[in-house]
Amino acid sequence: MKDNFGREIEYLRVSVTQRCNLNCVYCGKTDCAKKETELSPEIIEKLVRAFVKCGITKVRVTGGEPLVRNDICETVKRIRGIDGVKTVALTTNGVYLKQYAKELKKAGLDSVNISLDSTDGSTYRHLTGADVLEKVMEGIDEAENVGLSPVKVNAVLMKGVNSDGAQELVNLAKEKEIDVRFIELMPFSESGIDKRLIVTGGDILRQFPFLKPMNYFEGTAEYYTADGFNGKVGLINPITKKFCSTCNRIRLLSDGKVKPCLGYDETYDLIPYINDENELENEVKNIILKKPAGHSFESEMPSKGLNRTGG
């Protein structure tokens, strides 16, 4: 269905947990809800089904870190089984991906995004608080091996922190059949974000002038390639090139609340409607119509960390 601004809302991001096994510096992770408060696979299926009745065709499973849930494959299978769902994707930090990739593929997962901000061990450890880079790289390889496609790497660069590793990340797109996407830093840290840290999409293009634009856009990403590349380089620029006018997504949080826009704190609770399919569907429609025109990252910072908003 369309929202009040004429945008076709067809993409649902489903956060299945606030818990995470890393502590990334830009996430703004605060106290996480406990495992016992997370929605069951059955309830997630029921809620997603209501969204699909309202026009959702693509579902992305997020967190927190979704692979900390030992029932994640059941959740993916239930979502994939909903009539009308065309694509099921997952975003992960990749630490447990080698362990789960084959089972996730069997459950019906189509594609996977891996958050990876550096291929340097010490920098990665500084950014995430964990010495697990080797596991993440093995997870990327396993995702390719089992046939998840596309495999995408998402990187957030910060000047003077990990920006000197951009070349190595670009090299991944050259060497592998994966898409490496650079995402501009967004304001989710509790202490705020120094805008001087932001590496923009323009910065990337100036650093790598050999990247040539493709006649290919996917959601929020603009894609580039170069001679000899097996994969693509994507730029996602929510700060310097707001794409709110074409935003087609909405977020279901791990507590059953819906967040129409990542840039605002407003949420709407679906749990009171869970036992009446018609009321649940009507409430989903009402919430979609409340989706704002766009974020205000340039002037207003959301108070919740990324682990609590579905990333």
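Two strands pair if DSSP finds at least two bridges between them. Strands (E, at least two residues) and helices (H or I, at least four) are DSSP runs, numbered from the N terminus. The model is predicted: local features need pLDDT of at least 70, side-chain atom pairs count only at pLDDT 80 or more, and totals for chains, interfaces and linings use all residues. Residues are numbered from 1 along each chain as its sequence is written, and side-chain values use heavy atoms, with hydrogens and water left out.

**Exercise 1. Find the bridge partner of Val14 in E2, then trace on into E3 and E4.**

Step 1. Strand E1 (residues 11-15) pairs with E2 in the parallel sense, over five bridges. The partner of Val14 in E2 is Val61.

Step 2. Strand E2 (residues 58-62) runs parallel to E3, with four bridges joining them. Val61 has Leu90 as its bridge partner in E3.

Step 3. E3 pairs with strand E4 (residues 111-115), parallel again, over four bridges. Here Thr91 stands opposite Asn113 in E4.

**Exercise 2. State the hand of the crossover from E2 through H2 to E3, and of the unit E3, H3, E4.**

Step 1. Fix the rule. With the strands pointing away from the viewer, a crossover is right-handed if the path from the first strand over the helix to the second runs clockwise.

Step 2. From E2 the chain passes through helix H2 (residues 72-80) to E3; this β-α-β crossover is right-handed.

Step 3. E3, helix H3 (residues 97-107) and E4 also form a right-handed β-α-β unit.

**Exercise 3. Which strands stand at the edges of the sheet, and why is one side of each left without a neighbour?**

Step 1. Write the order of the open sheet: E7-E8-E9-E6-E5-E4-E3-E2-E1-E10-E11-E12. It has twelve strands, and the pairing is mixed.

Step 2. Strand E7 (212-218) and strand E12 (268-269) are at the edges. Each has a single partner strand, so one side of each has no neighbour in the sheet.

**Exercise 4. Is strand E3 mostly covered or uncovered?**

Step 1. Buried means under 20% relative accessible area, exposed over 50%, partly exposed in between (1.4 Å probe, protein chains only).

Step 2. In E3 (residues 87-92), five of the six residues are buried, so by the under 20% limit the strand is mostly covered.
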